[in-house]
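Dear colleague,

Please find below the structure that I am handing over to you, with its sequence. My findings on the two ligand sites follow it.

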Amino acid sequence: MGEQTLSAREKNVVFIGFMGVGKTTIGELVAEKLSRSFTDIDEEIVKEFNMTIPEIFEKHGEKAFREKEKELTLGICKEKRKIISIGGGAFTQKEIRDICLSTTIVYFLEMSWESWKKRIDILLESRPILQGKSEDDIEKLFYDRQINYNQHHLKYNADEQTEEEIAEKVIESLKIAWEQDEEANNK
Ligand SMILES: Nc1ncnc2c1ncn2[C@@H]1O[C@H](COP(=O)(O)OP(=O)(O)O)[C@@H](O)[C@H]1O
Ligand SMILES: O=C(O)C1=C[C@@H](OP(=O)(O)O)[C@@H](O)[C@H](O)C1
Ligand SMILES: [Mg+2]
């Protein structure tokens, strides 16, 4: 028997985007509103190592973090109907991009650099990737990473809105995509 083809509604939804745009917050809120189960891959990595992300980077190195990120993301892509948030660096890994783009709905939470940079201060302590970098370095990383995020199925610009507003808009667009898929398949 061949691979089962899932309807858009049955597929997992995976949130991607730069560090701090709100993937974890919005993913959790969207899952709650849709009564779906939520997984944040970073939280799973933290549980597996039993240490914080800065500690993992310091004690085991970024490579070990990326390996675990890949293993857990590839594993969860076998499930369905889940809401998943992955870390902002996950889409730099080709295997993660490929599996997410081919089996899930990849949802890009976009943000302008101008809006994003207001968040630097609250992110620095918990995001080792930002540590020791100048604002110019971070701006370069921000724009370099957009190339990977441009591979997605749906996107929403999260500039200057409350978490609640963003989650509602995201759900609206997901429902439209699910309905379009159902109409196309009932033809
Ligand atoms: N719409 C929003 N408005 C204000 N602060 C937000 C919003 N969304 C997220 N945040 C805050 O920004 C920080 C990063 O959010 P988080 O969900 O961890 O992002 P990510 O998972 O993309 O790194 C958190 O402190 C969170 O509370
Ligand atoms: O962009 C990155 O390389 C990272 C993003 C973080 O996740 P968030 O995007 O949820 O902050 C976390 O995975 C780790 O600190 C590395
Ligand atoms: Mg997160």
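Ligand 1 is surrounded by 16 residues in this predicted model. G20, K23, T24, T25 and R127 are the closest of these. Sorted by class, the shell consists of six nonpolar, six polar and four charged residues.

Several contacts of ligand 1 involve the protein backbone. An oxygen atom of the ligand lies 3.3 Å from a backbone N or O atom of V21. On the nitrogen side, a polar backbone atom of Q161 is 2.8 Å from a nitrogen atom of ligand 1, and a polar backbone atom of E163 is 3.5 Å from a nitrogen atom of ligand 1. On its own, ligand 1 has 560 Å² of accessible area, and the protein covers 73% of it.

With regard to secondary structure, α1 (23-34), α7 (120-123) and α9 (163-186) are the elements that each give two or more residues to the shell around ligand 1. The largest share is that of α1, with three residues. G22 is located in the loop between β1 (13-16) and α1. As for the cavity search, the space that ligand 1 takes is the largest pocket.

The UniProt record, an unreviewed entry, carries a "binding site" annotation that covers G20, V21, G22, K23, T24, T25, R127 and Q161. These positions span 142 residues in sequence, and their two farthest C-alpha atoms are 22.6 Å apart, so they do not all gather at one spot. Nevertheless, G20, V21, G22, K23, T24, T25, R127 and Q161 from this set belong to the lining of the largest pocket.

I turn now to the second ligand. Which residues come nearest to ligand 2? They are K23, D42, R66, G88 and R145, out of the 14 residues around it. K23 is also one of the closest residues to ligand 1. The shell around ligand 2 divides into five nonpolar, four polar and five charged residues.

Three side-chain contacts to oxygen atoms of ligand 2 may be of use when you set up your calculations. A polar side-chain atom of K23 is 2.6 Å from an oxygen atom of the ligand. For R66, the distance from a polar side-chain atom to an oxygen atom of ligand 2 is 2.7 Å, and for D42 the corresponding distance is 2.8 Å. Taken alone, ligand 2 exposes 390 Å², of which the protein buries 97%.

Ligand 2 sits in the largest pocket, and the space taken by ligand 1 is that largest pocket as well. For this second site, the unreviewed UniProt entry gives a "binding site" annotation that covers D42, R66, G88 and R145. Of these residues, D42, R66, G88 and R145 are included in the lining of the largest pocket. G88 has its place in the loop between β3 (83-85) and α5 (94-103).

In brief, the protein covers 73% of the accessible area of ligand 1 and buries 97% of that of ligand 2. K23 is listed among the residues closest to ligand 1 and among those nearest to ligand 2.

With kind regards

Note on methods. Residues are numbered from 1 along each chain as its sequence is written. Chains are lettered from A and ligands numbered from 1 in the order in which they are written. This is a predicted model: local features need pLDDT of at least 70, side-chain atom pairs count only at pLDDT 80 or more; totals for chains, interfaces and linings use all residues. Side-chain values use heavy atoms; hydrogens and water are left out. A residue is near a molecule or strand if one of its heavy atoms lies within 4 Å of it. A polar contact is a pair of N or O atoms within 3.5 Å; within protein, one must be able to donate a hydrogen and the other to accept it, and residues adjacent in sequence count only if both atoms are side-chain atoms. Accessible areas come from the Shrake-Rupley method with a 1.4 Å probe; for residues, only the protein chains shown count as cover. On a 1 Å grid over the protein atoms alone, a cavity is a set of points where a 1.4 Å probe fits but cannot get out, and a pocket is an open set with protein on both sides within 12 Å along at least five of seven lines; lining residues have an atom within 4 Å of a point. A molecule sits in a cavity or pocket if more than half of its atoms lie within 2 Å of its grid points. Helices (H or I, at least four residues) and strands (E, at least two) are DSSP runs, numbered from the N terminus. Ala, Val, Leu, Ile, Met, Phe, Trp, Tyr, Cys and Pro count as nonpolar, Asp, Glu, Lys and Arg as charged, and the others, Gly among them, as polar. UniProt positions are given in the numbering used here, feature names are shortened, and annotations may be inferred rather than shown by experiment.
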